Amino acid sequence: MRKVLIAFFIALFCFMSTISYLNDVYANRDNYKEKLIRFHVIANSDSQNDQELKLKVRDKIIEFLSPKLEKSESIEETKNIITENIQNIQKIASDEIKENEKEYKVTASLDYSNFPTKKYSNIVLPAGEYKALKVVIGEGKGKNWWCVMFPPLCFVDINHGITDNKTEKNLKKVLTEEEYKMILVDNKEVKLKFKIVEILEKIKNKNIKLHLS
């Protein structure tokens with residue numbers, strides 16, 4: 001009986017430790033996701049023409065926003081700049097679509113969007129909701145393109161990604177040392193932590209759906 005009780009308390013301790021670890025991982029994810037703004041462009045479809053159009057729209061928006069956002073010192077400043085220019089962003093996208101002889105409608109908004117785990121240069125961001133400038137072209141059923149708009153990582157090199165030095169410099173301006181280490185690709189704990197986060201996200205979304213049904 002004594003051995004059974006000891007085994008029970010050991011198992012209980014391990015279980016509570018695991019729950020505590022999961023909570024820490026989830027909390028840490030929330031800490032740094034609130035310090036980022038992402039840029040999300042979704043194509044009308046996966047056809048070659050629609051995918052090429054998506055990139056043209058992306059380029060025009062980045063060209064417009066680049067001088068405005070490159071020197072932004074805070075996430076609030078970036079939010080304000082995007083919000084003040086949301087109609088301009090939508091018009092720029094619409095004009096580019098018309099220039100390419102398409103009649104797709106386009107919507108631009110700054111709101112929370114759900115992202116899967118994404119790799120960008122030497123960082124990996126876990127699945128979850130992030131504040132994002134979201135541009136949807138037409139039916140928005142095609143593959144999307146994304147980058148980090150704050151800190152401004154979109155503007156370094158659109159086609160070839162970003163250098164590790166610039167990534168580190170920009171991210172460390174807004175993230176703590178611990179938060180930055182958590183999202184490094186070469187961090188051996190990243191895959192485990194992000195897998196746990198993805199599981200928690202699925203559980204969370206499943207619970208939301210159950211409450212709504």
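**Packing of helices 2 and 4 on a mixed sheet**

In the predicted model, helix 2 (residues 48-69) lies across strand 1, strand 5 (128-137) and strand 6, and runs at about 5° to strand 6. A further helix, helix 4 (residues 86-99), lies across strand 2 and strand 5, running at about 110° to strand 2. Strand 5 is thus crossed by helix 2 and by helix 4.

The chain as a whole contains seven helices and six strands. Read along the sequence, these elements follow the pattern α-β-α-α-α-β-β-β-β-β-α-α-α. Of the 213 residues in the chain, 40% are buried. Among the contacts in the chain with a separation of 6 or more, 73% are made by residues 24 or more positions apart.

The sheet beneath the description above is considered next. Strands of a sheet pair through backbone hydrogen bonds, in either a parallel or an antiparallel manner. In this model, four strands form an open sheet in the order 2-5-1-6, with mixed pairing. The edges are occupied by strand 2 (106-115) and strand 6 (144-150); each has a single partner strand, so one side of each is left without a neighbour in the sheet. On average, neighbouring strands of this sheet are turned by 30° against each other, direction ignored. The pairing of strand 1 (residues 37-42) with strand 6 is antiparallel and extends over six bridges. Within strand 6, C147 is the residue that stands opposite F39.

The two helices also pack against each other. Two packed helices are described by the angle between their axes and by the distance between the axes. For helix 2 and helix 4, the angle is about 140° and the axes are 9 Å apart. Angles over 145 degrees would count as roughly antiparallel, and those from 65 to 115 as roughly perpendicular; helix 2 and helix 4 are therefore oblique to each other. Their crossing is right-handed. Helix 2 contributes L53, K56, V57, K60, I61, F64 and L65 to the contact, while helix 4 contributes N88, I89, I92, A93, E96 and I97. By class, this contact of helix 2 with helix 4 comprises nine nonpolar, one polar and three charged residues.

Two residues illustrate how these elements meet. The first to be described, I61, is located in helix 2. With a relative accessible area of 0%, I61 is buried, because buried means under 20% relative accessible area. Leaving aside neighbours within four places in sequence, I61 is in contact with F39, I89, I92, A93 and V135. The C-alpha atoms of I61 and K91 are separated by 9.8 Å, although these residues are 30 residues apart along the chain.

The other residue, V135, has its place in strand 5. V135 also counts as buried, at 1% relative accessibility. When residues up to four places away in sequence are not counted, V135 touches F39, H40, V41, I42, V57, I61, I89, A93, V106, T107 and A108. Among these partners of V135 are I61, I89 and A93, which also belong to the contact between helix 2 and helix 4. V135 and I89 are 46 residues apart in sequence, with their C-alpha atoms 8.7 Å apart in space.

Note on methods
Residues are numbered from 1 along each chain as its sequence is written. This is a predicted model: local features need pLDDT of at least 70, side-chain atom pairs count only at pLDDT 80 or more; totals for chains, interfaces and linings use all residues. Side-chain values use heavy atoms; hydrogens and water are left out. Two strands pair if DSSP finds at least two bridges between them. Helices (H or I, at least four residues) and strands (E, at least two) are DSSP runs, numbered from the N terminus. Axes are lines fitted to C-alpha atoms, for helices over the stretch in contact, and angles run from 0 to 180 degrees between N-to-C directions. Contact means heavy atoms within 4.5 Å. Angles under 35 degrees count as roughly parallel, over 145 as roughly antiparallel, 65 to 115 as roughly perpendicular and the rest as oblique. A crossing is left-handed if the near helix is turned anticlockwise from the far one by less than a right angle, and right-handed if clockwise. Ala, Val, Leu, Ile, Met, Phe, Trp, Tyr, Cys and Pro count as nonpolar, Asp, Glu, Lys and Arg as charged, and the others, Gly among them, as polar. Buried means under 20% relative accessible area, exposed over 50%, partly exposed in between (1.4 Å probe, protein chains only).
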